[in-house]
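The following exercises concern one protein chain. Each task is followed by a solution in steps.

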Amino acid sequence: MKTTMNIPLYIYTYGCREEEAELCRLEMRSFFGVDSPSNIMISEAAIHPDRSPFMRERLEVLYVGDTLNEIWEQVKQVQLDDATFKVIFVKTNDLTPDHKIDFDTARAIERDIGEYIEGEADVRNPDFVFGIITLGGRWYFGHYIKSKAVWLKHSEKPRSYSIALSTRVARAAANIAVPGLSGVKAIDPCCGIGTVLVEALSMGIDIVGRDINPFITRGARENIKHFDLETEVVCGDIADVSGHYDVAILDMPYNHFSRTTPEEQLSLIQHARRIASKVVIIAVDPMDDMLASAGFTIQDRCTTRKGNFKRQILVCS
């Protein structure tokens with residue numbers, strides 16, 4: 001299909017709860033190198049929207065125009081043979097309240113564009129879904145993907161406990177740790193019941209798990225198997241890890257929920273630094289001094305909360 005784009009361009013729309021806004025922006029920075037003050041991101045990076053708990057949709061741009069007339073002329077190039085299609089007006093845009101496009105106008109824009117596409121429209125089960133969005137006074141048309149909240153079903157684990165990360169936070173943490181999938185080896189050396197492992201594996205991340213508690217590791221294996229996923233989960237201490245990984249994800253809510261001492265926490269951090277080039281640490285207590293003493297530099301960070309309970313996520317190298 002011929003396009004007017006010399007380089008790939010993608011438009012993403014976002015939505016998040018206020019308490020997860022920092023986490024959403026940290027995930028954005030991990031994927032795209034920058035974040036956005038709005039809920040729209042334009043990038044050359046191709047990220048499937050199902051990966052993020054915050055992405056709503058993605059438009060892979062085919063045509064750009066200063067007016068809808070210019071879009072109409074360009075979509076005449078779309079030839080689908082016997083395939084069917086649907087056009088969706090993307091409601092998220094940068095129009096001011098005084099210039100917002102109402103429902104009836106949006107439907108009319110969809111119908112008008114469809115009249116110029118060589119193919120048969122099918123609003124129920126189309127072979128192709130296209131989107132149209134306005135940004136910065138211009139119009140963008142392209143392939144449209146709506147995010148599926150696949151992480152929601154992962155809340156229904158056979159094994160769980162109250163202090164585990166939510167699936168949203170776990171999925172974002174996995175994305176922050178491994179924004180690009182190719183060739184990255186990851187480890188969760190204190191994996192608990194496998195919340196991060198399930199999210200990471202469901203996105204195709206190459207990750208293994210480990211925990212010192214045999215009961216917990218059995219639960220992690222059961223959860224992973226429940227979702228038809230596979231990886232190695234070892235019962236053992238992080239000190240026994242002999243291999244090296246590109247990244248480690250280390251969840252450390254220890255002071256509130258166990259008798260782990262600051263010295264033991266420092267040991268965990270030191271071993272994480274030994275086994276991985278990059279470490280994403282999830283903690284409930286201040287960690288800056290401890291991380292510095294272990295030789296880490298904090299590259300990025302955020303805070304996320306649920307009610308009055310706060311966690312900080314730190315990206316270290």
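Helices (H or I, at least four residues) and strands (E, at least two) are taken as DSSP runs and numbered from the N terminus. The model is a predicted one, in which local features need pLDDT of at least 70 and side-chain atom pairs count only at pLDDT 80 or more, while totals for chains, interfaces and linings use all residues. Residues are numbered from 1 along each chain as its sequence is written, and side-chain values use heavy atoms, with hydrogens and water left out.

**Exercise 1. The overall fold**

Task: Determine how many helices and strands the protein has, and what percentage of its residues is buried.

Solution.
Step 1. The assignment gives nine helices and 14 strands.
Step 2. A residue is buried under 20% relative accessible area, exposed over 50%, and partly exposed in between (1.4 Å probe, protein chains only). By this criterion, 51% of the 317 residues are buried.
Step 3. Along the principal axes, the C-alpha atoms fill a box of roughly 65 × 35 × 35 Å.
Step 4. Contact is defined as heavy atoms within 4.5 Å. Of the contacts with a separation of 6 or more, 72% involve residues 24 or more positions apart.
Step 5. Accessible areas follow the Shrake-Rupley method with a 1.4 Å probe; for residues, only the protein chains shown count as cover. The protein exposes about 15800 Å², of which carbon and sulfur atoms supply 47%.

**Exercise 2. The two sides of α6**

Task: Establish which residues of α6 are buried and why they lie on the same side of the helix.

Solution.
Step 1. Helix α6 spans residues 214–226 and contains 13 residues. The expected span of a helix is 1.5 Å times one less than its number of residues. From first to last C-alpha, α6 reaches 18 Å, close to the 18 Å expected.
Step 2. The buried residues of α6 are Ile-216, Thr-217, Gly-219, Ala-220, Asn-223 and Ile-224. Because they cover an arc of only 155° around the axis (the arc of the directions from the helix axis to the C-beta atoms), they are placed on the same side of α6.
Step 3. An α-helix has 3.6 residues a turn, so residues three or four places apart point the same way.
Step 4. Phe-215, Arg-218 and Lys-225 are exposed on the other side of α6.
Step 5. The packing partners of the buried residues of α6 are α5 (195–202), β9 (206–211) and β10 (233–235).
Step 6. At the N-terminal end, Asn-213 caps α6, with a side-chain oxygen 2.9 Å from the backbone nitrogen of Phe-215.

**Exercise 3. The surroundings of α5**

Task: Explain why α5 is described as largely enclosed by the rest of the structure.

Solution.
Step 1. Seven of the eight residues of α5 are buried, so this helix is largely enclosed. They are Thr-195, Val-196, Leu-197, Val-198, Glu-199, Ala-200 and Leu-201.
Step 2. These buried residues pack against α4 (167–177), β8 (185–188), β9, α6, β10 and β11 (245–252).
Step 3. After α5 comes Gly-204, with a positive phi near 85°.

**Exercise 4. Positive phi outside glycine**

Task: Locate Asp-81 and Asp-228, and decide whether each is buried or exposed.

Solution.
Step 1. Most residues other than glycine have a negative phi, and most peptide bonds are trans.
Step 2. Asp-81, although not a glycine, has a positive phi of about 55°. It is found in strand β4 (residues 79–89) and is exposed, with a relative accessible area of 71%.
Step 3. Asp-228 has a positive phi near 60°. It lies in the loop between α6 and β10 and counts as exposed at 72% relative accessibility.

**Exercise 5. Cysteines**

Task: State how many disulfides the structure contains, and which cysteine sulfur is nearest to that of Cys-190.

Solution.
Step 1. A disulfide is a pair of cysteine sulfur atoms within 2.5 Å. The whole structure contains zero disulfides.
Step 2. For Cys-190, the nearest cysteine sulfur is that of Cys-191, 8.2 Å away. Cys-190 is buried, at 16% relative accessibility.
Step 3. For Cys-316, the nearest cysteine sulfur belongs to Cys-302 and is 12 Å away. Cys-316 is buried, at 1% relative accessibility.

How values were computed. A polar contact is a pair of N or O atoms within 3.5 Å; within protein, one must be able to donate a hydrogen and the other to accept it, and residues adjacent in sequence count only if both atoms are side-chain atoms.
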